[in-house]
Amino acid sequence: MGRKKWIKAVLVSVLVFSLVIPAQVLGHDELGDINLEKGKRTNFDDITVPLLEGSKNLEFLNEVATPEMGIVRDDGLENSYADVYAHKGYAYVGTHTQNGGNGGVRVFDLKDPANPVEVSVFANNEFPLTWQEKVIVKSVNTPHFNGDLAVVSVQQLDRSHPDSKGGFLLYDVTNPVDPQKLGFWEVAKNTRGTHELYLTMQGNRAIVLAASPYTDYYTHGEQHDFQIVDVSDPTNPETLWQFDPRTLPEVDESFDGYYWDSPDGKVRRVFNHSTMADITGKYAYISMWDLGTLIFDIQDPDNPTYLGRTEFASDQQGSAHSSTLAKGGTVLIETREVYAPVRDGYEEAYGYTRIFDIKDKSNPTLLSEFKTELTYDIPDENNVTFAKTVHDPKVRGNTLYLSYYAGGVIMVDITDVSNPTEIARYTPESAYVWGVFVDQNYILASDMDSGLKVLLKNNSQK
């Protein structure tokens with residue numbers, strides 16, 4: 001497919017509290033039929049942003065800081081941002097592929113959230129031509145390590161480079177100003193590496209759930225996309241278990257690690273995009289694209305038990321991208337990254353959010369779907385774009401926070417999970433929002449182009 005030049009949208013830097021906003025941008029499935037680079041903000045429509053009153057406790061939310069990222073590459077080129085995480089008053093921001101990657105993880109001191117200071121960078125010089133988009137940081141106490149552990153995804157831009165590797169790095173960030181490398185877990189060389197991951201504790205055991213897309217395909221089934229890794233000793237990570245989709249009755253031996261003959265008669269795509277665990281570390285939620293969100297009991301991480309999965313209507317593209325939990329773990333929220341809204345045999349729609357009752361984890365029950373005006377805003381041409389699809393979900397209390405690329409951050413009241421309602425929207429200038437993280441004291445958004453955004457509630461306006 002030929003590349004085209006698109007007109008950039010001009011977005012007003014403002015908090016938008018409304019149910020309406022138009023927008024547009026792009027897609028990712030390395031083995032799919034549409035090859036687009038996610039790191040470039042392209043294919044945007046001009047956007048008019050209405051400013052309406054917000055509701056609930058988000059009415060007085062304000063952008064207070066947009067700190068710049070330092071240049072760490074020897075050639076003086078800038079890096080682009082990816083996901084964001086926060087731990088103990090520090091923001092950890094991953095980086096994407098711009099200018100050849102190797103931007104590492106940037107650490108910002110947020111003790112004064114209105115004046116963040118970049119205090120360190122790590123994981124940027126371990127392997128050439130790699131990028132470090134996802135980082136999870138947690139306090140870990142095992143027989144081998146007691147402190148704050150950072151787990152960082154590593155993906156290859158050029159798998160043919162002899163010194164490049166994919167997988168994930170482990171760092172001691174107990175002192176965030178001086179991160180120390182502890183270890184590395186490597187996935188098969190002919191894959192990109194680990195795309196997303198999650199770190200959880202099980203008693204005194206630290207476990208990483210790794211999503212390494214296309215591992216099954218590229219290794220011809222010798223390894224698989226979803227791996228469970230014991231990192232209790234971060235200097236010596238140990239693979240415990242991998243999931244083979246062929247063990248499911250609906251996936252037969254014709255599955256080649258990517259193409260799946262679905263029971264609905266369609267050929268669908270299956271790869272592991274993202275992982276997460278509940279707060280107890282007992283259950284894992286695995287985003288397997290057109291196979292849905294798979295639920296595992298991982299209390300015995302050496303021998304997990306498959307419980308159930310979400311399913312799609314025959315006319316829905318799958319694209320289960322990532323997930324989170326609500327209502328004490330009884331509700332699953334699944335986001336679907338659909339960037340090519342027009343495909344034969346499917347509804348015409350960009351990706352939207354689905355909400356499930358998972359009290360019975362063997363039988364997730366669809367409660368509702370959350371869509372915006374972006375979902376069906378499909379032009380006559382040039383409709384392949386990330387701009388109008390949902391990306392990542394986070395939940396705090398009864399509010400769902402969705403990173404939404406050109407839509408910014410969309411905040412949804414899920415008090416009644418059968419009737420999710422948009423209550424606020426934050427749209428920075430020329431928005432390309434990848435990730436969102438919610439802390440007690442602030443909301444963080446990572447924009448791929450313009451960087452970290454810090455949002456605070458301005459109580460003086462009450």
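What is the mean pLDDT of the chain, and what percentage of its residues reach 70 or more? In this predicted model, the mean is 89, and 87% of the residues reach that level. Two stretches are worth keeping in mind while looking at the structure. Over residues 1-27 the pLDDT stays under 50, and the model has 125 contacts beyond four places in sequence for this segment. Residues 46-53 also have a pLDDT below 50, with 26 contacts in the model beyond near neighbours in sequence.

The interior offers a good place to begin. The largest nonpolar core has 76 residues, and Phe122, Phe168 and Leu444 are those with the most contacts inside it. Separate from this is a second core of 14 residues, among them Leu402, Tyr404, Val412 and Ile414.

Charged side chains come next, with 19 salt bridges in the structure. In one of these, Arg246 meets Asp244, with an N to O distance of 2.8 Å. Arg246 is buried, at a relative accessible area of 16%.

A salt bridge also joins Glu334 and Arg354, whose closest N and O atoms are 2.8 Å apart. Glu334 lies in strand 23 (residues 331-336) and Arg354 in strand 24, so the pair, 20 residues apart, links distant parts of the chain. Both partners can be classed from their accessibility: Glu334 counts as buried because its relative accessibility is 0%, and Arg354 is buried because its relative accessible area is 2%, the cut-off for burial being under 20%.

Asp377 and Lys388 form another salt bridge, their closest N and O atoms lying 3.2 Å apart. These two residues are eleven residues apart, and each sits in the loop between strand 25 (365-370) and strand 26 (393-396). Asp377 is partly exposed, with a relative accessible area of 26%, whereas Lys388 is buried at 0%. Elsewhere, salt bridges with shared partners connect Asp83, Lys134 and Glu196 into one network.

Strand 24 deserves a further look for Asp357, which is found in this strand (residues 353-357). With a relative accessible area of 19%, Asp357 is buried. The side chain of Asp357 reaches the backbone nitrogen of Lys359 at 2.8 Å. Leaving aside residues up to four places away in sequence, Asp357 touches Thr330, Asn363, Pro364, Thr365 and Leu367.

Key. Residues are numbered from 1 along each chain as its sequence is written. This is a predicted model: local features need pLDDT of at least 70, side-chain atom pairs count only at pLDDT 80 or more; totals for chains, interfaces and linings use all residues. Side-chain values use heavy atoms; hydrogens and water are left out. A nonpolar core is a set of buried Ala, Val, Leu, Ile, Met, Phe, Trp, Tyr and Cys residues joined through side-chain atoms within 4.5 Å. Buried means under 20% relative accessible area, exposed over 50%, partly exposed in between (1.4 Å probe, protein chains only). pLDDT is the predictor's confidence in each residue, from 0 to 100. Contact means heavy atoms within 4.5 Å. Helices (H or I, at least four residues) and strands (E, at least two) are DSSP runs, numbered from the N terminus. A polar contact is a pair of N or O atoms within 3.5 Å; within protein, one must be able to donate a hydrogen and the other to accept it, and residues adjacent in sequence count only if both atoms are side-chain atoms. A salt bridge is a side-chain nitrogen of Lys or Arg within 4 Å of a carboxyl oxygen of Asp or Glu.
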